Amino acid sequence: MLGMSATRFMGVRNAITRLFSTGWGILGSLFAFCGAISAIGALLDPLPERVVLSVVLLVPAVILLSVHAIALHKDRVLLRKGQKVSGQAQGILNGVLFHSGPVVYTRHFSVRFHYTVDGVRYTGRSRFYWMAPILPPDGHLTVFVDPANPQRCAVDL
């Protein structure tokens with residue numbers, strides 16, 4: 001019983017880490033945090049402006065986190081049920097984003113790789129991560145491919 005509880009906890013912890021390790025997850029959580037603070041303010045002093053502000057912040061949060069969670073869930077299903085093929089990492093793509101005005105500096109990483117299914121070579125890219133993923137020294141990756149659509153793939157980094 002205790003082992004099942006620990007396994008479930010690790011699964012939830014990994015899901016939360018994956019959700020907030022990407023740019024859309026961070027943006028959604030930022031909207032959710034600001035919306036929650038605004039909603040608490042609206043509960044304490046129900047001015048129409050505060051209620052509208054909390055709704056304006058919480059709606060994008062729900063949309064961003066939902067879309068992102070669905071995409072991550074589809075990847076997890078593909079990692080469980082997809083066809084395993086051998087892939088080769090081509091390197092880590094490093095993206096940097098700046099904004100004018102107050103400087104916002106973000107850096108994200110994704111892994112570019114190629115793999116072959118039925119003699120056809122495909123190129124894939126992982127989801128974005130805030131920290132550079134650690135690649136195997138030889139660059140070999142296991143790519144999980146949707147047999148119905150080989151262009152749809154996922155890697156577990």
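Which backbone nitrogen does the side chain of Ser126 reach? The answer is that of Val111, at 2.8 Å. Keep in mind that what you're looking at is a predicted model. The chain has 157 residues, and 31% of them are buried. Here's a quick tour, starting with the overall layout and then moving through a few spots worth finding on screen.

**The overall layout**

- You'll find three helices and five strands in this chain.
- Going along the sequence, the order is α-α-α-β-β-β-β-β, so the helices come before the strands.
- Take the contacts between residues at least 6 apart in sequence: 56% of them join residues at least 24 apart.
- About 10500 Å² of the chain is exposed, and 67% of that comes from carbon and sulfur atoms.

**Helix H3 and its surroundings**

- Helix H3 covers residues 48–81, and Val59 is one of its residues.
- Val59 has a relative accessible area of 45%, so it counts as partly exposed rather than exposed, a label that takes over 50%.
- Val59 also belongs to a nonpolar surface patch of about 420 Å², together with Val51, Val55, Ile63 and Val67.
- Ser54 sits in helix H3 too, but Ser54 is buried, because its relative accessibility is 7% and the cut-off is under 20%.
- Setting aside neighbours within four places in sequence, Ser54 is in contact with Gly35, Ser38 and Ala39.

**The salt bridges**

- How many salt bridges turn up in a search of the whole structure? There are two.
- One of them links Arg50 and Asp45, with 3.8 Å between the closest N and O atoms.
- Both ends of that bridge are partly exposed: Arg50 has a relative accessibility of 35%, and Asp45 has 34%.
- Asp146 and Arg152 make a salt bridge as well, and here the closest N and O atoms are 3.5 Å apart.
- Arg152 is partly exposed, at 31% relative accessibility.

**The E4–E5 hairpin**

- Strand E4 spans residues 140–146, and five of its seven residues are buried, so the rest of the structure largely encloses this strand.
- Strand E5, residues 149–155, runs antiparallel to E4, and four bridges join the two.
- Together E4 and E5 make a hairpin, with two residues between them.
- To see the pairing up close, look for Phe144, which stands opposite Ala154 in E5.

**Two residues of strand E1**

- Strand E1 takes in residues 83–98, and Gln88 is part of it.
- Is Gln88 buried or partly exposed? Gln88 is partly exposed, since its relative accessible area is 24% and buried would need under 20%.
- The side chain of Gln88 makes a polar contact of 3.2 Å with the side chain of His140.
- Beyond neighbours within four places in sequence, the residues in contact with Gln88 are Arg112, Phe113, His114, Asp138, Gly139 and His140.
- Gln88 and Thr123 are 35 residues apart along the chain, and their C-alpha atoms are separated by 9.6 Å.
- Ile92 is in strand E1 as well, and Ile92 is partly exposed, with a relative accessible area of 35%.
- How far apart are the C-alpha atoms of Ile92 and Val111? They are separated by 4.5 Å, though the two residues are 19 apart along the chain.
- Not counting residues up to four places away in sequence, Ile92 touches Phe109, Ser110, Val111, Ala132, Pro133 and Leu135.

**Back to Ser126**

- Ser126 is found in the loop between strand E3 (120–125) and E4.
- Although Ser126 is in a loop, it is buried, with a relative accessible area of 5%.
- Besides Val111, Ser126 is in contact with Ser110, Phe113, Val155 and Leu157, leaving aside neighbours within four places in sequence.
- Val111 is worth a second look: the side chain of Ser126 reaches its backbone nitrogen, and Ile92 touches Val111 too.

Technical notes:
Residues are numbered from 1 along each chain as its sequence is written. This is a predicted model: local features need pLDDT of at least 70, side-chain atom pairs count only at pLDDT 80 or more; totals for chains, interfaces and linings use all residues. Side-chain values use heavy atoms; hydrogens and water are left out. Buried means under 20% relative accessible area, exposed over 50%, partly exposed in between (1.4 Å probe, protein chains only). Two strands pair if DSSP finds at least two bridges between them. Patches are made of residues with over 30% relative accessible area and no salt bridge: like charges are joined within 9 Å, nonpolar side chains (Val, Leu, Ile, Met, Phe, Trp, Tyr) within 5 Å. Accessible areas come from the Shrake-Rupley method with a 1.4 Å probe; for residues, only the protein chains shown count as cover. A salt bridge is a side-chain nitrogen of Lys or Arg within 4 Å of a carboxyl oxygen of Asp or Glu. A polar contact is a pair of N or O atoms within 3.5 Å; within protein, one must be able to donate a hydrogen and the other to accept it, and residues adjacent in sequence count only if both atoms are side-chain atoms. Contact means heavy atoms within 4.5 Å.
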